[in-house]
Amino acid sequence: MRVWILLATCVFACASAVSAQTAGTVRLRHIGLGDGLPSPRVFSITQDSLGFLWVGTNDGVARYDGVRFDVWQEGEGGLPSNVVYAVHADATGAVWAATEGGLARLTRAADRFEEVAEAALDSLGVTAVRFLDSDAGGLWLSAREGAIHLRPDGTARRVFQGGPTASPMVRVGEAVWLRDCNLTLTTDTCRPAQTDGPETAPRAGWIEDGALRAVLMDGRVVRVDGRERRLVTRWPLDVVGRSSQTLVTPGRAWLGSESGLRLYLPARDTVVAIEREAGLVGRDVMALFEDRQGGVWIGTEQGLHRWTPPRSGFHAVTTAEGLGDGRVNGLTTLGDDVWVATNGGLFRRRADGSVEGYRTGSDLNQSAIWRVSPAEGGGLWLGSKRSGMWRFWPETGRTEPADLLNQTLGSALQVQNSLPIRDIVERDGRLWVATSYGMGLRENEQWRAFREGEGGGDGLADAAVNVIYTDRSGRVWVGSDGGLDRFFPSKNAFHRTGVSRDLATPIVWHVAESPADPGALWLATVGSGACRYVPATDETDCLRIADGLPSNVVHRIEAGDGALWLGTDRGIARLDLVTRDVVTFSEADGLHGDIVDLMSSHRDADGTIRMGGPGGYTAFRPTEVRPSTFRPPVRFSQVERGSLVHRSMASGDTLRLAPSGRRFAVRFAALDYTRPRRNRYRYRLAPLETAWTETDGAAPEARYAALPPGTYTFEVVGSNHAGVFAPEPSRLHVEVPPVWWERRAVQGLLGLLVLAGVGGLGWVSVRRSERRRADAAEVARRLAGSREAERIRLARELHDGTMQHLYRVGHDLDRLATLVPEAERAEVNTVRSTLDEASDELRSVLADIRLPHVGTFGAAAAVRAAAERFQRTAPDVEVVLALDADGRRWPVEVQHAATRIVQEALANVGRHAQAASVTLRLGERGGMAEVEVADDGCGFDTHISDVAHVRGDHFGLAGLRERADALGGRAEVTSTPGAGTRVRAWLPL
C-alpha cells in the first residue's frame, strides 16, 4: 500500500479547502462480514488500474466492486497463505499480495495468484510490507528486514538493511526517502540521510509547490530540497507519535493507531476523534487509503469503512451543531434567523451559526411542534401535534396558546380534544389552518370550517389536509390525503381536481410552481412520485422511479435554478424541467440524512432552500450545487459460462460459448463507491435486443439462455450515485457456434431427406400435436374463465345478499340504540361495532374475489388497488410501484391472471417474508405481459418442490405457476434464504 500521496493543489495553506466537519458530522460507512468481506481484520487496501478495490485480510485477498466481494485464498486462489498483510496494484495493473507465507502476484489469464520464488525475499519479513513502483520497471518493497528491488526479470536485490519495522517510502523525483537513507532509483544505492534518530524518520509525504513535504515521527512537517530539510510547521506530537497509519488528503490528515482514528485539520490546528457514533467499528486502525474519487478507506479489526468527501454547496445542521432535537418538522425564516420546529421544541439558528432553544408552554412541551409560520402583526405561529396553535414572540421568548382560536376552530371542526396542525398560512388578512380533521379559514374575525365532502361545491377530498398553497395568480389550492382541491372565494367552496381521479394514491403533501414551467403546478405525492398538474386541462402526469426518481415517496418540492428540488425518503433529487433528467443527492453528499420529512422545507427570498427530517436539516443555494461529474467505468466483475467463472474479463474481450452451452451471465459494476447501490445501469444484447433493460445497484447482472448461433455484443452503461451516466457503454463480445446439425450443409441435407422420406408423416404428426396443444390451451383458458366468472357470481351474491342483510341489521341496531335506556346503550353499541368490523372484513373479501378495475381501467389500476389493500394490512412494508404498462388493451384473462399473481405474491410477502420493502413491476415486451414482485425479506429454499408446498398447505406458489401455464405462459420464483424473493411471470398477449 502506498504511504505517499501526491497532491496537485495546496493542502494546508488554503483555508477554503478545509472542511468544517466535526466529530458529529464525520460519517463512515461500515462494510463487514455481512457484506461478504471474508474476514473482519483488514490489514491493507489498494485500488487497481480498472478501479476495483483490493483488500488484504486475515482470510485472503478480497476484490470489491461496491456491492460484492470476490475472494482469493489458498488452494484454487493460489495464495501462499490466507493471512495477507499487504496488497498493492502496480503501474502495469498487476496485483501483489504479501502474505504470511510469502509474496504472490495475480495472473489475470489464470485468474489466480502465483508465488514469487526469489531467495532475496526469504528473509525479508513480510508481516509489514510497504510497496512502491519503480521507474525502471519492477517493484520496491520496504519490509521488516530492509528494502528490496524486485526487478522485471524476477530477480531481487537487497539495497538496505532495515530495523524491526517496515520503513515508510516517500517518493521525490528520482529518489525514495527511507527511514535512514535516500534511495536513488537509477543506481539502486541508498546514501545516508541527515537524521537525528528514529524519531526523525518520515511517516508520510506529499508534493506541494513542486517540493516534497513530509511529516516526521516527531510531528515536524519539513520541506525537503535534496538532502536539506527545512521546518515548515509542527503537528501535535501526542497525535502523530501514537499513529501507526498516516494518510494526507486535501486539508486533512488521517491518523490511525491501535487506539483509534483521529482527523487532524492543520488549517485550524484541530484534532477530531472519530468514534463509534461516526460509524467506526473497532479501534485498531491497520490500513488507510484514498481512492480516485477522494474517498478515504479505513481498515480495522472489525471491517472496512469509507468516508466520502462532502459535496460543496450543501450545509447540514444537526444536533452536533447545537440543534437540540434532530427530528425537524417545520422550517421558516425571519430576517437572518432560521426557525426550526422539532419534536423537542422550537430552535433559532442565527446568522453566526449559533443555535438556541426556547422553552414553551407546558402543554406545548408535551407535544411535538409540527409547523412554524410567520404571523401578520409580528411573531410566529406554532402548530403542534396535539395541542393546537400557539403564538410565539421572538423578542421576549414568550409563548401563549391561541385558546380562542383553538376553541373556535375545534368547535367548527367538531374536534373536542387534540387538534393536530399540519399547515398555517396567514396572508392578506386571511388565516388558513390545515388540520388532520379538515381546515379552517378566519376572515374578518369569522371562522369558516371545511370538512371532507361538506360545504359548498364538492367539499374537501379528504379531512387530512396537508398543505395550503396560493399560486402566482392568487388561486388557493389545498393538498390532502385525497388529492388536490381548488378554493373559489366567490362561492366560498372547494372543488376537486382530476388529481383524485388520475392517481391511484392521491396523497398530496406539497405544491410548488416554477418560472421554467408556467401554467403548471407540481405536486409532491406519497406513492405516485412528483406529479405535474395543468389546471387549464385538469390533467396530471407523474414521474416515478422508472423515470429516474430515487423514490415514489416525495414529501416536498421547491423551485430553484430552473429546476425542481424534490425532498424524498431517499435523498434530495434535482429535476431538470427541460430535459427531465434527475440527479439525486444523499447523506454521502453532505445532507443531514437521506430522509426529508413531510412538512419540512422552506425557500427564502434569496433562493436558499432548506429541507429537513430525522437528523436535522440541509441548507443550500441551487445555483451553487452541481452534481458529481464523475462518470464511473463499468467493469465486468464476473462472467459465467456454464460451470466456468471468469473474474478478469475486460471491455472489448470476447466470450466464446460451447455449442452445447448457450447460456451466460454477466455481473457488472459502475465503480462509484459513494453509494454503490444507487448506481443505475442500462444493458442489452445486440442485435438480439434493441431496447435497453434498466436495473439498479442492488442486483447488477444479466442472464441469457438458449441463444441461437451467431455473434452478439453485450453492452452496458452505468451511472454514478447521482444518476449521471457514462457517455459510452462497456462491451463484451459473445460468440455462439452452431452444433454440427445446425450447420447449413447438414441442415440442407436433412431437409431434403425429411421432405423426400417422411414429409407426409411429419406433417400429420405436427398437426395432431398442434391440435392437442391447442385443445389443452383452450380447456385451460375456459377453466380459468369459468373460475373467474364463478368468483364474480359469488361476489355479486355476497354483495346483494349477505352484505345487504348486514346493512339492515346495522340500521336496526342504530334504531334500537335510541329506544333502549341509557344504561343498556353501551351493549348495543358494542354489537354495532362488531357488526361494522364484520362488514369491513366482508368488503375486503369482496375486493379480493372480484377485480373491479380489470377490463375497464386495466391491469395497472388493478395492481395499484391490490398494493393499496396490502399497504393497509402491512403499513410497515414500503411498496414501490414500477408500472411501465397500463394493461388496458391486454386480453381480460391476461389482466385477471396478472392481478391474481400479484395478489398471491403480496399475500406470501405479508405472511412469510418479513420484508421491509416490496417492488411491483408491470411491463410488456416481445408480445408478452411481464409481471414481477420482488421483496427484500428472509427468502426461502426454492429447491422445495410445489408438491411439498401443497402438502404443507402452502398453495400460493403452485397456484401462480398454474395461472401462468393456463394461458400458455410461464412463472418462476427465485429466492435465497436471507436475500429476498422474486416472483416473475410472462403471459402471452
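**View 1. Cys542 and its disulfide partner in the predicted model.** Cys542 has a relative accessibility of 11% and therefore counts as buried, the cut-off being under 20%. Its partner, Cys531, is also buried, at a relative accessible area of 0%. The two residues form a disulfide, and the sulfur atoms lie 2.0 Å apart. The link between Cys531 and Cys542 is right-handed, with 105° about the S-S bond. Cys531 belongs to strand 48 (residues 530–534) and Cys542 to strand 49 (residues 539–543), so the disulfide ties together parts that are 11 residues apart in sequence. A search of the whole structure finds 1 disulfide.

**View 2. Surroundings of Cys938.** The relative accessible area of Cys938 is 31%. This residue is therefore partly exposed, a class that runs between the 20% limit for buried residues and the 50% limit for exposed ones.

**View 3. The largest nonpolar core.** This core holds 50 residues. Phe113, Trp297, Leu304, Phe664, Phe668 and Phe714 touch the most other members. Strand 60, which spans residues 664–670, gives the most to the core, with 5 residues. Another core lies apart from this one and has 38 residues. Leu883, Val902, Val909 and Ala964 are among the residues of that other core. In soluble globular proteins, nonpolar side chains tend to be buried together.

**View 4. An open antiparallel sheet of 4 strands.** The strand order is 22-23-24-25. Strand 22 (245–249) and strand 25 (270–274) are the edge strands, each pairing on one side only. From one strand to the next, the twist averages 20°. Strand 22 pairs with strand 23 (residues 252–257) in the antiparallel sense, over 5 bridges. Thr246 has Leu255, in strand 23, as its bridge partner. Strands of a sheet pair through backbone hydrogen bonds, either parallel or antiparallel.

**View 5. Helix 8, residues 859–873.** The helix has 15 residues. From the first C-alpha to the last, helix 8 reaches 21 Å, close to the 21 Å expected at 1.5 Å a residue. The buried residues of helix 8 include the alanines Ala859, Ala860, Ala861, Ala862, Ala865, Ala866 and Ala867. Val863, Arg869 and Phe870 are also buried in this helix.

Notes. Residues numbered from 1 in each chain as written. Predicted model: local features only at pLDDT ≥ 70, side-chain atom pairs only at ≥ 80, totals over all residues. Heavy atoms only, no water. Core = buried A, V, L, I, M, F, W, Y, C linked by side-chain atoms within 4.5 Å. Buried < 20%, exposed > 50% of the residue type's maximum accessible area, 1.4 Å probe, protein only. Helix = DSSP H or I, 4+ residues; strand = E, 2+ residues; numbered from the N terminus. Disulfide = S-S within 2.5 Å. Pairing = 2+ DSSP bridges. Axes fitted to C-alpha atoms, helices over the stretch in contact; angles between N-to-C directions. Expected span 1.5 Å × (residues − 1).
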